[in-house]
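Subject: Structure handover

Hello,

Here is the structure for you to look over. My notes come after it.

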Amino acid sequence: MLAIINSLALVGLQGERIQVEVDVSGGLPCFDIVGLPDASVRESRERVRTAIKNSGFEFPAKRITVNLAPADLKKEGPGFDLPIAIGILVATGQIENPALNDYYFVGELSLEGTLRRLPGILPMACYFSSDNFNFFVVPEDCALEAALAETVKVIAVNDLGQVVNHLTGVDVLEPVKVENKNFISHAAKDDLDFAEVYGHEGVKRGLEIAAAGGHNVLLLGPPGSGKTMLAKRMLSILPSLQFEEALNVSKIYSSAGLLNGTNPLVADRPFRAPHHTASAASLIGGGKVPKPGEVSLATGGILFLDELPEYRRDVLEALRQPLEDRVVTVSRVAAAVTYPADFMLVASMNPCPCGFLGDAEKECSCTPYQIQRYRAKISGPLLDRIDIQLEVPRIRYKDLEQKSITESSKDIKERVEKARKIQRMRFKKYGLECNAQMTPKLVKKYCSLSQDGKELIKLAFEQLALSMRAHDRILKIARTIADLADSQKIEAEHLAEAIQYRILDKQSMFI
Ligand SMILES: Nc1ncnc2c1ncn2[C@@H]1O[C@H](COP(=O)(O)OP(=O)(O)O)[C@@H](O)[C@H]1O
Ligand SMILES: [Mg+2]
Ligand SMILES: [Zn+2]
């Protein structure tokens with residue numbers, strides 16, 4: 001007899017329906033899985049066989065053929081254990097007259113017959129639309145995660161026996177409800193605050209603009225000037241995540257297997273700081289079983305690359321594409337999958353190998369050739385994509401003594417939130433969050449300049465030999481500066497401040 005069971009597979013962050021067809025017929029006992037299964041799916045046979053026996057059911061001594069359709073999609077992972085087991089029990093009449101059309105099953109079986117959690121349950125649950133009244137049967141440990149989707153009835157199960165009892169009406173389970181959609185942010189516990197950083201008022205202003213508009217930023221200064229300290233405090237001034245954004249970030253973490261059962265939502269903006277020995281693959285994502293890389297895990301938050309020139313050249317080059325497109329495409333043997341890569345880059349570097357180029361008191365000991373080679377590690381196209389370049393000078397002793405009143409992160413964040421609200425309203429119909437995400441078309445529409453402004457940018461363009469990309473990026477920053485000032489129009493002063501943040505373009509004239 002033939003049984004057809006619905007299941008789901010993940011392609012990138014997209015759920016795809018898989019039909020698990022199980023045929024049990026007479027003939028020599030055997031158990032085959034076809035339909036482009038990888039090794040981990042083929043291993044499913046041993047788990048399913050043992051789990052069925054250990055759950056008190058009968059494993060048929062017959063010819064069993066399992067087909068996973070559509071056949072052209074590569075199937076990975078142990079998630080088909082449960083639908084295959086259910087298919088065998090239905091095909092052998094051990095589950096009688098089940099109404100399975102609205103049911104979808106995903107889960108890894110242990111040899112005992114209990115169910116284990118799987119990565120990617122949240123993006124799978126987002127496959128369903130709320131008007132179909134589907135049921136999604138998942139291991140209990142991922143149930144809260146699945147229920148975040150709200151468009152499907154999630155049935156949480158612990159073991160195979162429980163699934164059978166539910167389907168046969170012996171012990172029907174109620175769909176999981178998420179009681180409290182208000183998610184808990186942990187950011188407040190983190191006590192890193194801008195108030196701890198003395199001086200650097202100009203740098204803090206630049207970081208405030210970066211946070212308000214989601215712009216990339218580079219901190220340039222000698223060792224010990226506080227670059228790392230400042231970067232680590234950036235999260236404390238970024239606007240809080242909205243529920244929709246948190247859901248999107250959680251989908252990525254779910255597919256990477258980084259969520260846990262009790263706290264399934266990523267409620268705070270991510271801060272990813274990969275080591276400078278990181279490979280391009282770990283940054284961009286990929287592998288045999290595709291996984292999102294650091295650029296995707298930083299979506300909605302910050303990718304921090306400390307000491308930028310220390311990173312491998314190919315890694316830095318690989319960053320260019322996601323920085324431009326805000327998505328990353330990982331090619332694999334079978335297909336290409338796309339993940340979001342919508343992060344804010346925060347990077348730091350010394351101005352030269354010794355670190356003291358441009359310092360008021362200490363002399364730089366590098367040769368022009370050394371400096372050029374050091375700078376050349378970061379190519380022009382990458383620098384072009386870093387909108388705000390900030391010089392972080394060494395703090396002098398008397399600045400420390402002054403202990404002038406420094407603003408707390410909370411105060412800065414308030415202004416950032418206000419400016420972000422303006423942006424959210426502006427881009428509502430485009431589904432965008434901040435100025436950094438504007439397409440060239442939107443830049444044209446929302447960043448028009450006065451006559452003064454036009455002349456100013458023309459001058460800057462000629463003197464700094466800016467690229468067209470830098471041109472658009474300057475306009476975006478000017479837009480953010482105007483938003484922080486609650487000004488509809490971009491005034492010449494906003495533009496002038498934006499241009500001033502391209503210090504490396506200026507400095508390149510002097511080296
Ligand atoms: N502006 C500052 N205010 C307070 N402490 C500072 C400041 N700048 C540097 N420091 C101190 O110096 C240490 C080194 O700073 P760090 O951020 O690691 O420098 P960099 O990354 O620029 O080399 C910090 O941990 C901090 O204790
Ligand atoms: Mg540092
Ligand atoms: Zn030097």
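Below are the conventions, then the findings.

This is a predicted model, in which local features need pLDDT of at least 70, side-chain atom pairs count only at pLDDT 80 or more, and totals for chains, interfaces and linings use all residues. Residues are numbered from 1 along each chain as its sequence is written, chains are lettered from A and ligands numbered from 1 in the order in which they are written, and side-chain values use heavy atoms, with hydrogens and water left out.

Confidence

pLDDT is the predictor's confidence in each residue, from 0 to 100. The chain has a mean of 89. In all, 94% of its residues reach 70 or more. Among the elements, strand E14 (residues 302-305) has the highest mean pLDDT, 97. Helix H21 (residues 503-507) has the lowest, 63. Where pLDDT is low, the predicted coordinates should not be read in detail.

Overall layout

The secondary structure comes to 21 helices and 18 strands (DSSP runs numbered from the N terminus; helices are H or I with at least four residues, strands E with at least two). The C-alpha trace spans about 85 × 45 × 45 Å along its principal axes. There are 511 residues in the chain, and 52% of them count as buried. Buried means under 20% relative accessible area, exposed over 50%, and partly exposed in between (1.4 Å probe, protein chains only).

A contact means heavy atoms within 4.5 Å. Take the contacts with a separation of 6 or more: residues 24 or more positions apart account for 73% of them.

The chain is divided into domain 1 (2-167), domain 2 (187-352 + 383-417) and domain 3 (438-511). These bounds come from an automatic or database domain assignment. The centres of domain 1 and domain 3, taken over C-alpha atoms, are 55 Å apart.

Nonpolar cores

A nonpolar core is a set of buried Ala, Val, Leu, Ile, Met, Phe, Trp, Tyr and Cys residues joined through side-chain atoms within 4.5 Å. The largest one has 49 residues. Leu207 and Met234 have the most contacts inside it. Helix H19 (residues 468-484) gives the most to this core, 7 residues. Domain 2 and domain 3 each supply at least three residues to this core. Apart from it lies another core, of 42 residues. Ile95, Phe135, Ile155 and Val163 are among its members.

What does Met234 touch, not counting residues up to four places away in sequence? The list is Phe194, Leu207, Ala210, Ala211, Ile302, Met344 and Val346.

Zinc site

Ligand 3 is a zinc ion, coordinated by the SG atoms of Cys352, Cys354, Cys364 and Cys366 at 2.1 to 2.4 Å. Donors here are N, O and S atoms within 2.8 Å of the metal (3.2 Å for Na, K and Ca); water is not among the atoms, so sites may look incomplete. The donors follow the spacing C-x1-C-x9-C-x1-C along the chain.

Which geometry does the site of the zinc ion (ligand 3) have? It is tetrahedral, with angles of 104 to 113° among its 4 donor atoms. Four donors get that label if all angles lie between 85 and 135 degrees. The ideal angle for four tetrahedral donors is 109.5 degrees.

Cys352 sits in the loop between E17 and H13. Its relative accessibility is 0%, so Cys352 counts as buried. Leaving out residues up to four places away in sequence, Cys352 touches Leu357, Cys364, Cys366, Ile371 and Tyr374. Cys366 is buried as well, at 14% relative accessibility. Cys354 is partly exposed, with a relative accessible area of 22%.

Buried acidic residues and a glycine

Asp483 is in helix H19. Asp483 is buried, at 3% relative accessibility. Beyond four places in sequence, Asp483 touches Ala419, Ile422, Gln423, Arg426 and Asn435.

Glu245 is in helix H9 (residues 243-255). Glu245 is also buried, at 13% relative accessibility. With residues up to four places away left out, Glu245 touches Ser240, Arg269, Arg424 and Glu433.

Gly293 is in the loop between strand E13 (291-292) and helix H11 (294-297). Gly293 is buried, with a relative accessible area of 2%. Outside its neighbours within four places in sequence, Gly293 is in contact with Ser282, Leu283, Ile284 and Gly285. Gly293 and Val330 are 37 residues apart along the chain, and their C-alpha atoms are separated by 9.6 Å.

Best wishes

How values were computed. Four donors count as tetrahedral if all angles lie between 85 and 135 degrees; four count as square planar and six as octahedral if opposite donors are over 155 degrees apart and all others between 65 and 115; anything else is irregular.
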